[in-house]
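Work through the exercises below with the coordinates open. Each task is followed by a solution in steps.

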Amino acid sequence: MSAGGGARTGREGPERFPARIIYTAAADLPAVVEQLPSAPGRLFLGLVVEEQEPPTPWHLQYWWAEPDSSWLVVDVAAQDPSIPSISAVEFAADWPEREAEDLFGIAFAGHPQLGDFVLHDEDFGESAVPMRQVAGGHGTTAAAGDAYRPPRIVEAPGGFLMPVGPVFSGIQESVRFLLETVGEEIMHAQVRLFYKYRGVEKLMEGHAPDRALLLAERVNGTQATAHALAFATAVERMAGAPAPMRAQMLRTLLAEWERIRSHVGTLAGIVESTGLSVPANHLIAAEERLLQQSAEHWGHRYLFGLVAPGGLTGDPGPAALGAMAAEAERVVSDVLRVCDRLTFDNSFLDRLEMVGVVPPARAATLGLVGPVRRASGAEMDFRRSHPYAGYDQVPPAVAVEVEGDGYARFRVFRRELEASLHLIQQLVHKIPAGPVTAPCSPGAGWAAATVEAPSGALTYWVRLDDHGRIRRCHIMPPSLANWHGLPDAVRDYAFQDFPIILATYGLSVADADR
Amino acid sequence: MPWFWEGMKSPIRTLSRRRPDQPPGVTPGRPVATALPPGATWNPGICPVEALQEDSGAIAVEFDRCVHCMRCQQPEAGVAWAYDYQWARQHTPPLPRAFQHSIHVRIIDAGDCGACLSEVRQLTGPVYSLHRFGIYVTPTPREADVLLAVGPVTAGMKAALREAYQAMPTPKRVVAVGVCALNGGIFADGFAVEGGAARVVPVDVAVGGCPPPPLAILDALQRVIGRGLARSGEVRA
């Protein structure tokens, strides 16, 4: 393909990692992105920034997932950190660019809103660029900057801004919503994330993959298997040594088990937001049952310490696998029974139907992922389009709904429970005998891996140095993409719909904040 | 109304007060001090956070550092695990007797990964049913007797945690839940991390683990009012 002046393309990486790479100069970047042939189903995953030695210290990789099982990477090397913004042609790059500006000090020319994103102004001065490596990562100490003044958009008689958070009622993760209104309807919403920013990617630097794995699992503790799987798969691709077949299939089983638990939790959240406490408590008890079973068969309630580069750390044996499949069936059929009763409950349906509508075209522009995207009519599932672990042997059924409202999202979560249960029942009979670990000693280089976490496409990009230690790791979490799309879904709906729309998105703050 | 009958018909799921350890899996367990076999040496590489150290022929456990990586649970590591949940340590006297039957808890997420918060959420569910102990979750710090903090306290949440504590009436207690809230845990070295709730507010009861199971958090809350859970689990080598 020809795209932009001076662009050249090439293939890189092992066989199971087909990526088309377009090298371009910074000045030509927007033209190159604009000229990419439009492929329905292409998804912008994220932006990887690396700082290397002069003369061209800045290396940027813009990552897209292609619908044909490959990846598309636009690679930019630049002398100084002034890169044109592509958010006008690829709207999903809006937040990744803001993140790179905050952490590396890259001025994306033409971006409408830079500054105060990851590093809040009240905690860090604008000069702080903590992720820089060659320049010493100066400004990493917290130095209070200006007091935070929420930006106002709505100018109308009687218009006011209602701040919610970062600490609000109940047992909620910390995040702030700025809701602008003149009365009943939300006219404009902003999400202020990164109150919980822990700097996981910076903490990983300089550690061996085995140690960094602990951090990957704890980015989002409720989806630890997905994070560990993405990280381990990236490291294994770099080593050119995939995990043994038994480990791959067991990982698939663990990932589906985690999806069931996560979706039951999300459904409980949806039901709780509509105020129906009996079915909500029913689902919370079902989730607890799955947590107990996780600890009984795998040692840890949130499946920490199982997936590791090279395979798995343990093997529960056939009896435990059979017990897990039986328990999954018992819990899922129980949850489905509650869900089916809910679909006949008017007070439940009234709160979900035609509320928080995201039309398919809008979902594509926003680059939404996971169940939220599938509820807006897209058959986007990385287990099918970019198979990893054992998914090429047990392709899952993809649940798609077209309405894009809260009820469509509820139905996607519900149908995915059935699909995951079906996968587990198939897997139990297909897991081959054999070892669960293989030696994995990666050399210098980079690799990436995308997995379908319970909340959507999760990508880990890892660069190792000559000693096999992590030089840079970049996480592209599904929740960040979906948080970016939330303000669109709540606009023009009433205040009391807000918590319900939020619950149907099934978002995690820790996942996005990292 | 149909949901009311649905709730009446469903079985009681709440764990027994006397034997809360009945179903397996309520606790992931934790490593405990183990005597080394004669002539054996401890491989310090097993524990990535240096919670386990060799000390005169035995493996000593500093549980406050443990992040539940589960690596010492492998049989070849030779470390005994206790399946208990009385993990809380109390630094100050409990609240006065007047609080014995009703305390209100304000929960603050100071940067946790979601696992600790999920365990706290389970506490309010039907299986652990926090309310039967007279412990209630309140949305406002003005009505709270206990501040329950999870997470390593990030730069963004430091002010919120401090202000919530200052807004609470006295007498008040702080419960730090999870290894992150104790000392920052795996995130302690982060540039955006304060490293434990004790750096911002005085901690009265601390419960380690990654994450501590609901029963361990319940035990910590019970200690605030001068009680504690009756039973605990067995030790398996």
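## Exercise 1: A helix pair in chain A

Glu327(A) has a relative accessible area of 9%, so Glu327(A) is buried. The model is predicted.

**Task.** Find the salt-bridge partner of Glu327(A) and place both residues in their helices.

**Solution.**
- Step 1. The side chain of Glu327(A) meets that of Arg289(A) in a salt bridge, with N to O at 2.6 Å.
- Step 2. Glu327(A) sits in helix α8 of chain A, and Arg289(A) in helix α7 of chain A. The two residues are 38 apart, so the pair links distant parts of the chain.
- Step 3. Relative accessibility for Arg289(A) is 28%. This falls between the cut-offs of 20% and 50%. Arg289(A) therefore counts as partly exposed.

## Exercise 2: Two more salt bridges in chain A

**Task.** Which parts of chain A does the pair Asp116(A) and Arg192(A) tie together? Do the same for Lys196(A) and Glu173(A).

**Solution.**
- Step 1. In the salt bridge of Asp116(A) with Arg192(A), the closest N and O atoms are 2.8 Å apart.
- Step 2. Asp116(A) lies in the loop between β7 (107-109) and β8 (160-164) of chain A, while Arg192(A) belongs to strand β10 (residues 186-192), so the pair ties together parts 76 residues apart in sequence.
- Step 3. Asp116(A) and Arg192(A) are both buried.
- Step 4. Lys196(A) forms a salt bridge with Glu173(A), and here the closest N and O atoms are 2.6 Å apart.
- Step 5. Lys196(A) is in the loop between β10 and α3 of chain A and Glu173(A) in the loop between β8 and β9 (176-181), so this pair joins parts 23 residues apart in sequence.
- Step 6. Lys196(A) and Glu173(A) are both buried as well.

**Task.** Which residues are linked with Glu256(A) in a network of salt bridges?

**Solution.** The network links Glu256(A) with Arg259(A), Arg374(A), Asp381(A), Arg383(A), Glu416(A) and Glu452(A). Over all chains, the count of salt bridges comes to 40.

## Exercise 3: Domains 1 and 3 of chain A

**Task.** Describe the contact between domain 1 of chain A and domain 3 of chain A.

**Solution.**
- Step 1. Set the bounds. The assignment for chain A gives domain 1 (8-135), domain 2 (159-192) and domain 3 (211-438 + 501-507).
- Step 2. Count residues. Domain 1 of chain A gives 14 to the contact and domain 3 of chain A gives 16.
- Step 3. Take the C-alpha centres of these two domains. They are 30 Å apart.
- Step 4. Take the area. Domain 1 and domain 3 of chain A bury about 1100 Å² between them, with 61% on carbon and sulfur atoms.
- Step 5. Sort by class. The side of domain 1 of chain A that touches domain 3 has nine nonpolar, three polar and two charged residues.
- Step 6. Look for pairs. There are zero salt bridges across this interface, and three residue pairs in polar contact.

## Exercise 4: Chain A against chain B

**Task.** How much area is buried between chain A and chain B, and which residues of chain A lose the most?

**Solution.**
- Step 1. The contact joins 59 residues of chain A to 58 residues of chain B.
- Step 2. The buried area is about 4900 Å², and carbon and sulfur atoms give 63% of it.
- Step 3. On the chain A side, Ile171(A), Arg198(A) and Arg218(A) lose the most area, together 15% of what that side buries.
- Step 4. Five salt bridges cross between the chains. In the salt bridge of Arg337(A) with Glu6(B), the closest N and O atoms are 3.0 Å apart.
- Step 5. Polar contacts number 22 residue pairs between chain A and chain B.
- Step 6. α7(A) gives the largest share of the chain A side, twelve residues. By class, that side has 27 nonpolar, 16 polar and 16 charged residues.

## Exercise 5: Domains of chain B

**Task.** Which residues of domain 1 of chain B lose the most area to domain 2 of chain B?

**Solution.**
- Step 1. Chain B is assigned domain 1 (30-82) and domain 2 (88-224).
- Step 2. These domains of chain B bury about 580 Å² between them.
- Step 3. Asp64(B), Val67(B) and His68(B) lose the most, together 74% of what the domain 1 side buries.
- Step 4. The interface has one salt bridge. Arg89(B) and Asp64(B) form a salt bridge with closest N and O atoms 2.4 Å apart.

Conventions: Residues numbered from 1 in each chain as written. Chains lettered and ligands numbered in written order. Predicted model: local features only at pLDDT ≥ 70, side-chain atom pairs only at ≥ 80, totals over all residues. Heavy atoms only, no water. Domains from an automatic or database assignment. Contact = heavy atoms within 4.5 Å. Buried area = accessible area lost by both parts, 1.4 Å probe. Salt bridge = Lys/Arg side-chain N within 4 Å of Asp/Glu carboxyl O. Polar contact = N/O pair within 3.5 Å; in protein donor to acceptor, adjacent residues only side chain to side chain. Nonpolar A, V, L, I, M, F, W, Y, C, P; charged D, E, K, R; others polar. Helix = DSSP H or I, 4+ residues; strand = E, 2+ residues; numbered from the N terminus. Buried < 20%, exposed > 50% of the residue type's maximum accessible area, 1.4 Å probe, protein only.
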